[in-house]
Amino acid sequence: MIKNSLLGLLTALACSSAMAAETGVVLKPDQLRADAFSDAKVVGNVNKNDAVDILNKKGAWLQIKSAGKTGWVRLLTVKRNSAGGNNVAGVVGVATGRSGTGKVVSTTGIRGLSAEDLKTAQFNEAETKKMESYTVSADEAKQFAASGGLSSRQYPYFQGASQP
């Protein structure tokens with residue numbers, strides 16, 4: 001009972017702190033993009049040490065507002081300012097196992113899939129069989145390559161420079 005109450009309180013505090021505007025500082029010059037993709041249209045630029053308001057986060061991208069311009073930049077372009085005097089983030093960090101000196105969480109992403117997509121993913125036997133139907137044998141692959149004028153080449157492994 002107490003554990004559930006504490007968990008509820010922590011969740012409420014985390015949600016209320018997430019609603020507050022977050023600010024940051026640009027660590028390196030970058031382009032503001034119209035969407036959270038590296039090939040999205042450039043809508044402006046930010047310079048090192050520009051102050052920004054962080055509006056949203058999507059994967060490895062942050063939507064920011066700086067000098068009246070709004071756009072998306074890579075997550076590592078902006079250093080988030082710490083919420084001075086607010087220990088909620090620290091409590092939530094401890095509760096979620098994400099606390100540490102750098103407060104960095106390492107993740108591996110799959111382009112095009114959000115965290116929610118991955119959580120709700122389900123096995124689809126029909127699509128798996130469809131994918132497997134596209135496989136070919138090694139001989140068929142060699143014939144296809146030869147018909148396109150491709151040939152096989154062997155390259156030795158790169159040994160690298162010797163260490164002094």
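The chain holds 5 helices and 7 strands, and in this predicted model the order of these elements, read from the N terminus, is α-β-β-β-β-β-β-β-α-α-α-α. Of the 164 residues in the chain, 14% are buried, while the exposed surface comes to about 13,600 Å², of which carbon and sulfur atoms supply 56%. Among the contacts with a separation of 6 or more, 47% are accounted for by residues that stand 24 or more positions apart.

A natural place to begin is the interior. Which residues form the largest nonpolar core? It has 9 residues, namely Val26, Leu32, Val46, Val52, Ile54, Leu62, Ile64, Val73 and Val78. The elements that give two or more residues to this core are β4, which spans residues 51-58, and β5. Val46, one of the core residues, touches Val26, Pro29, Asp30, Leu32, Ile64, Ser66 and Val73 once residues up to four places away in sequence are left out of the count. Two polar residues in that list, Asp30 and Ser66, can be taken in turn.

Ser66 is found in strand β5, which covers residues 61-66. Is Ser66 buried or exposed? Its relative accessible area is 6%, and because the limit for burial is under 20%, Ser66 is classed as buried. When its neighbours within four places in sequence are set aside, Ser66 is in contact with Val46, Asp50, Ala51 and Val52, and of these partners Val46 and Val52 are members of the nonpolar core described above.

Asp30 lies in strand β2, which is made up of residues 30-33. With a relative accessible area of 12%, Asp30 falls under the 20% limit and is therefore counted as buried. Which side chain meets that of Asp30 in a polar contact? The partner is the side chain of Thr77, at 2.8 Å. Beyond the residues up to four places away in sequence, Asp30 touches Asn45, Val46, Val73, Arg74 and Thr77, so that Val46 and Val73 of the nonpolar core are among the residues in contact with this aspartate.

Glu22 has its place in strand β1, residues 22-26. In its case the relative accessible area is 28%, and because this value lies between the limits of 20% and 50%, Glu22 is described as partly exposed. The side chain of Glu22 makes a polar contact with the side chain of Arg80, at 3.5 Å. Arg80 also appears among the residues that Glu22 touches, together with Val52, Asp53 and Ile54, when residues up to four places away in sequence are not counted. Where does Glu22 stand in relation to Asn56? The two residues are 34 residues apart in sequence and, from C-alpha to C-alpha, 9.4 Å apart in space.

Aromatic rings can be considered next. The structure holds 0 aromatic pairs, but a ring does take part in another kind of arrangement, in which Lys58 lies over the face of Trp72 at 5.2 Å from the ring centre.

The last stop is helix α5, which runs over residues 138-147. How many of its 10 residues are buried? The count is 0, and the helix is accordingly hardly covered. After α5 comes Gly149, a residue whose phi is positive, near 80°.

Definitions and conventions. Residues are numbered from 1 along each chain as its sequence is written. This is a predicted model: local features need pLDDT of at least 70, side-chain atom pairs count only at pLDDT 80 or more; totals for chains, interfaces and linings use all residues. Side-chain values use heavy atoms; hydrogens and water are left out. Helices (H or I, at least four residues) and strands (E, at least two) are DSSP runs, numbered from the N terminus. Buried means under 20% relative accessible area, exposed over 50%, partly exposed in between (1.4 Å probe, protein chains only). Contact means heavy atoms within 4.5 Å. Rings of Phe, Tyr and Trp (its six-membered ring) pair if their centres lie within 6.5 Å; planes under 30 degrees apart count as stacked, over 60 as edge-to-face and the rest as tilted. A charge sits over a ring if NZ of Lys or CZ of Arg is within 6 Å of the ring centre and within 35 degrees of the ring normal. A polar contact is a pair of N or O atoms within 3.5 Å; within protein, one must be able to donate a hydrogen and the other to accept it, and residues adjacent in sequence count only if both atoms are side-chain atoms. A nonpolar core is a set of buried Ala, Val, Leu, Ile, Met, Phe, Trp, Tyr and Cys residues joined through side-chain atoms within 4.5 Å. Accessible areas come from the Shrake-Rupley method with a 1.4 Å probe; for residues, only the protein chains shown count as cover.
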